[in-house]
Structure formats: structure tokens, C-alpha cells
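Colleague: I'd like to go through the labels on this one and hear the reasoning behind each. Can you take me through it?

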Amino acid sequence: MWTRVFSKIYPGISKEDVWRLWTQIDNWPQWHGDLDYCKLEGDFAVGSHFWLKPKNMKKPVKILITEVISEKQFTDCTVFWGAKMYDTHALEETPEGLKLTNTLQVTGPLSWLWIKLVAENVAA
């Protein structure tokens, strides 16, 4: 399994504010410059999915929400042919500020292909 983790601490922001931004998926392109659009189908809950259209791709990608722990973390999963990519977004309050951690994991027999085609760019 291929894994990449990135964390950064942001002083002076609240987990409630970040959680609100994260859960309003349709608004992600307003603060995430490489997206054309996002569209959540249903509620922000396990089992729901959303469509995410990166600017450099012709078609949107369907992403399933697989875990939600309110104001703490959520995980989404993109299913590729022969692989799955999990993206966990976590919040942690620290004395220095709010720590945001993103963990990207790719599993499956064709993970090597999807790591090169997608995951390395997402991780960057």
C-alpha cells in the first residue's frame, strides 16, 4: 500500500470553521484553485458521493464518502480500475494551533499505475 501524509498547523483558526468548509463540498472550487466544480449528491454522510471535476481532466470523478467523524475527520474513496484511493482529512487541536492532516492511500493490484497517473499529483 502506497501512503503519503501531509500535515500543517494553522494558528488562530477553529476546527468548526474548517469543518464547515470541508463539508460544503459544492463550494470547494472557491478555495481550491485547481477545481472546475464539485457536486455533493445527498448529505455529507457515509455512503453519499460527490462529483469532483479537476481543471486538467475532461470528466468529473465520482468519490464516495466512507467515514465521517464530525469536526474530527472524514475519508473519501475514489475507485479506479484495479485500485482504490482513500483520502483522509483530519483536524487536531494543538497548543500551537489547528493541525490539518491529509493522508492519501492507494491499494489494489494496479495501484502502481494510479499512483503515477493520479495520486502523486494529488499528494503534491
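Modeller: Let's start with pairing: two strands pair if DSSP finds at least two bridges between them. Keep in mind that this is a predicted model. In β5, D76 is the bridge partner of I65.

Colleague: What makes β4 and β5 a pair?

Modeller: The cut-off is at least two bridges. Strand β4 (residues 61-69) and β5 have 6 bridges in the antiparallel sense, so they count as paired. They also form a hairpin with 3 residues between them, and E71 in that turn has a positive phi of about 60°.

Colleague: And how do you know that β5 and β6 pair?

Modeller: By the same test, at least two bridges. β5 and strand β6 (residues 83-94) are joined over 8 bridges, antiparallel, so they pair too. One of the bridges puts V79 opposite K84 in β6. Here the hairpin has 2 residues between the strands, with G82 in the turn at a positive phi of about 85°.

Colleague: What makes you say strand β5 is mostly covered?

Modeller: It runs over residues 73-80, and 7 of its 8 residues are buried.

Colleague: Why is T101 called buried?

Modeller: Buried means under 20% relative accessible area. T101 has 17%, so it gets the label. It is found in strand β7 (residues 97-107).

Colleague: How do you know that the side chains of T101 and S7 make a polar contact?

Modeller: The cut-off for the N or O pair is 3.5 Å, and theirs is 2.7 Å, so it falls within the limit. S7 is also one of the residues T101 touches; the others are V5, F6, T88, H89 and A90, leaving aside residues up to four places away in sequence.

Colleague: How far is T101 from L21 in sequence and in space?

Modeller: They are 80 residues apart in sequence and 15 Å apart in space, C-alpha to C-alpha.

Colleague: Now the largest pocket: what volume does it have, and which residues are closest to its centre?

Modeller: Its volume is about 1,300 Å³. Of the 40 residues lining the pocket, H32, D87, H89, N102 and V122 are the closest to the centre. H89 is also on the list of residues touched by T101.

Colleague: How does the lining divide by residue type?

Modeller: Into 26 nonpolar, 7 polar and 7 charged residues.

Note on methods: Residues numbered from 1 in each chain as written. Predicted model: local features only at pLDDT ≥ 70, side-chain atom pairs only at ≥ 80, totals over all residues. Heavy atoms only, no water. Helix = DSSP H or I, 4+ residues; strand = E, 2+ residues; numbered from the N terminus. Buried < 20%, exposed > 50% of the residue type's maximum accessible area, 1.4 Å probe, protein only. Polar contact = N/O pair within 3.5 Å; in protein donor to acceptor, adjacent residues only side chain to side chain. Contact = heavy atoms within 4.5 Å. 1 Å grid on protein atoms, 1.4 Å probe; cavity = no way out; pocket = protein on both sides within 12 Å on 5 of 7 lines; lining within 4 Å. Points joined across faces, edges and corners; volume = space filled by probe spheres on them. Nonpolar A, V, L, I, M, F, W, Y, C, P; charged D, E, K, R; others polar.
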